[in-house]
Amino acid sequence: MSPMKLCVPGDKLCSVEDCTPGTGVYLRHGYIYSSLAGYVLKKNEGEELPVISVVRETETQLLPDVGAIVTCKVTSINPRFAKVHILYVGSTPLKDRFRGTIRKEDVRATEKDKVEMYKCFRPGDIVLAKVISLGDVQSNYLLTTAENELGVVVAHSEAGAQMVPNSWCEMQCPLTHGKEFRKVARVQPEYLHA
Amino acid sequence: MPVDTRRVRGPEVSQSPLLFACKPAAVFSSHGPRADGRQRDQVDVRPVFVRCGLVSQAKGSAYMEAGDTKLMCCVYGPRETERKDDTDMKCGRLTTDMRFAPFSCPERGSWIQGSQDKDFSLMLHESLQPALCLHKYPRSQIEVNVMVLENSGSVLAHAVTCASLALADAGIEMYDLVLGCAIRQDGASYVVDPTYAEENGNGSDSSDNQGRLTLAFLPSLNQVSGLQSDGEMTEESLSAGVRTCIEGCYKIYPVIQQALAKAVRRAAPPPSES
Amino acid sequence: MATVQVSEAEKVYILHGIRDDLRVDGRGCEDYRHMEIETDVVSNTDGSAKVSLGHTAVLVGIKAEIGKPRPMAPNEGYLEFFVDCSANATPEFEGRGGEELGKELSNTLYKVFNNKHSVDLKKLCISKGEHCWVLYVDVLLLQCDGNLYDAMSVAIKAALFSTKIPKVHISNDEEGGKEIELSDDPFDCMRLDVENVPCIVTLCKVGHRHVVDATLQEKACSVASLIISVTHKGTVTCVRKMGGGSLDPESIFEMTETGKRVGKALHVPLMKLLQQEESLGTRQKVGFLG
């Protein structure tokens, strides 16, 4: 196989009739141009036109986008919302810190009015959440945990041990056997690493 | 504060002794070959040396040398914006900062950013912004920092080239690379990519049609993203200067392309086709 | 910069109009708005002028002070520019809001006057290496309605025209030192030759065409503009691309050509007007409400 073609931003790759644009490229006047410095990758998918994209090994930084599943750490809570730092988008770690907010009404899907933030999150918890909005001028990214698969995945008890989930709203400390309330996520089996 | 009255106190401001020294006669002669052996009236740019990725902390970085002009650029981000207003919601913000090291020019500069540095930063910003796909980076900012280590003329032009290289190295999506080129018009003749002496020298006695021009160019889109001139030029020499600068940009284009390709190859082997 | 929000429909309307050489206020693509100039409006200055261009209003005051020549040019005086964007013009400039724009404008002015012919700096020298006149050019933006550069440069030219620098004599005293003597006659003044002072023409690229003297609405439709400062002879002293977009080389050539033509045409009536006003002698001042 021929060596992979390299390209720099602004290189004309091909006509839009030959390929469909993927990532790292842009369209201009019916042609596909590269917008990244990287390797040109063509993928054939079925009978449709091959998808052309430009890839770099060092993963181009993703930004949290609407609908993305993010992993975040709770930094502070109050009765109306919890503030978090977004650490991962999907499985890509973020280099820089992005802040997000989980509002009280976005914690769970049912009985929204009965949510008590202190019974759902504590600072230091690792939470899986979904981005619902990029927010406006005043606010940060708005996140939700209103799905069974979303919520707290890692939490530590007052004794400092990592707690084990008991139910969707309760976790237990293996040392003291004390119970604490959390909005627990049902982690999908395929994400569990032994 | 107690003051020693017997001591002779110096003046409050000091000037470099260089200003008062007798200048060598031929600082910048307007005819004959140039001091570094390049041709005048020709698109004779200094050979450039560029390399990406010298600062590991930064998302992307580049170092560039053209003759004695040496500068480096680091790119950070995209990261969360500190200052927020409505425009940030749809597209990202580009911030540029260009500084001169105090020892970069013949006279010592100050660490504090002067108004000239701010002007350079602004020009850099305007030259780079059209090339960036900022709409792909909502709510975030991309920081470009240029540090001039040695100023030997045409600093802004090289800063633009270096910054676009660093941006590409950082994996920021761009429509095109941005290349910079400068000329110094001197009467009927001109020099491309002037050195510090050529840039600031007085030139020929006629003193008409003396000017400096810096241009930033997107080679693949054939667009001019930055243009700045001062001094006095006729409209004809200005247009000719723009054409010359564009030609100068094309001369360094392959060097920049190769440097980028090298950086990509060094960062990772080609991914297996799947 | 003070900006306005323009909806998509408005943009299309303005764009299509300009394509057919017809702008929203009825002007052609190379026409200026109504301009009013008045010199000598502030009594405490050595020269001043107020220019209003449409709803843009600029006041320029020039103060001459005695300073030390710069070591690089011992037999020349120099000009200092300062642009103040006051909160009067738009509330956005409150506090430090206008600082950035002010810096940008004054930096451009330094570039525009960075040549040997605009102002005869040698005339500002009093004694070589020791004393010279420093002209502080202070620009005050009173109202913003687009095209600040052009209004500012016209106002500076008018203010420089009206500048009267008192004549001074150097006399040697007994100890060999030098003394500066101010002339007793307050009308014994030095005038500056402003023939070569350039005017700035801002060209906004809107669609495929470019317009002179864009209003804020038109500016909102343009991606990039080119400012060109032109002398009465058509020499270009400064060119600068402004705004976030890029221009193709061909349109730059077209724009510089238009800029030169418009700029040259601007100088003639301006000089005539200034001389006319001068010849009126003591006239009734119109002031700021005229």
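These are my notebook entries on chain contacts and helices in a predicted model.

**Entry 1: which chains touch**

I began with the pairs of chains, and found that two of them are in contact, with chains A and B sharing the most contacts. For chains A and C I looked for a contact and found none, since their nearest C-alpha atoms are 15 Å apart and the two chains do not touch.

**Entry 2: chain A against chain B**

I noted that 31 residues of chain A are in contact with 35 residues of chain B. On the side of chain A that touches chain B, strands β6 (38-43) and β10 (92-103) of chain A each supply at least two residues, and β10(A) gives the most, with five residues. Sorting this side of chain A by class, I recorded 15 nonpolar, seven polar and nine charged residues.

**Entry 3: chain C against chain B**

I then turned to the other contact, where 30 residues of chain C meet 29 residues of chain B. Three elements of chain C give two or more residues to the side that touches chain B, namely α2 (99-112), β14 (236-242) and α5 (249-279). Which of these elements has the largest share of that side of chain C? I found that it is β14(C), with seven residues. By class, I wrote down 10 nonpolar, 11 polar and nine charged residues for the side of chain C that touches chain B.

**Entry 4: α4(B) with α5(C)**

Staying with chains B and C, I looked up the helix pair α4(B) and α5(C), whose axes come within 10 Å and cross at roughly 165°. An angle over 145 degrees counts as roughly antiparallel, and α4(B) and α5(C) are therefore described in that way. The crossing by which α4(B) passes α5(C) is right-handed. From α4(B), the residues I listed are Glu235(B), Leu238(B), Ser239(B), Val242(B) and Ile246(B), and they meet Pro249(C), Ile252(C), Phe253(C), Thr256(C), Glu257(C) and Lys260(C) of α5(C). I sorted the residues of this contact into six nonpolar, two polar and three charged.

**Entry 5: the course of α4(B)**

I next checked the length of α4(B), which runs over residues 235-267 and has 33 residues. At 1.5 Å a residue, this helix should span 48 Å, and I noted that its end C-alpha atoms are 47 Å apart, which agrees. Where in α4(B) does a kink lie? I placed it at Ile252(B), with an angle of about 35°, shortly before the proline Pro254(B).

**Entry 6: α1(B) with α2(B)**

Within chain B, I looked at helix α1 (residues 115-128) and helix α2 (residues 155-169), which pack at an angle of about 50° with their axes 10 Å apart. The two helices, α1(B) and α2(B), are therefore oblique to each other, and α1(B) passes α2(B) in a right-handed crossing. On the α1(B) side I listed Phe120(B), Met123(B), Leu124(B), Ser127(B) and Leu128(B), which meet Leu156(B), Ala159(B), Val160(B), Ala163(B) and Ser164(B) in α2(B). By class, the residues of this contact are eight nonpolar and two polar, with no charged residue.

**Entry 7: α1(C) and the residue after it**

Last, I looked up helix α1 of chain C, which has 12 residues (8-19) and reaches 16 Å from its first C-alpha to its last, close to the 16 Å expected at 1.5 Å a residue. Just after α1(C), I noted that Asp21(C) takes a positive phi of about 60°.

Methods: Residues numbered from 1 in each chain as written. Chains lettered and ligands numbered in written order. Predicted model: local features only at pLDDT ≥ 70, side-chain atom pairs only at ≥ 80, totals over all residues. Axes fitted to C-alpha atoms, helices over the stretch in contact; angles between N-to-C directions. Helix = DSSP H or I, 4+ residues; strand = E, 2+ residues; numbered from the N terminus. Parallel < 35°, antiparallel > 145°, perpendicular 65-115°, else oblique. Left-handed = near helix turned anticlockwise from the far one by under 90°. Contact = placed C-beta atoms within 7 Å. Nonpolar A, V, L, I, M, F, W, Y, C, P; charged D, E, K, R; others polar. Expected span 1.5 Å × (residues − 1). Bend = angle between axes of the 7 residues up to and from the residue.
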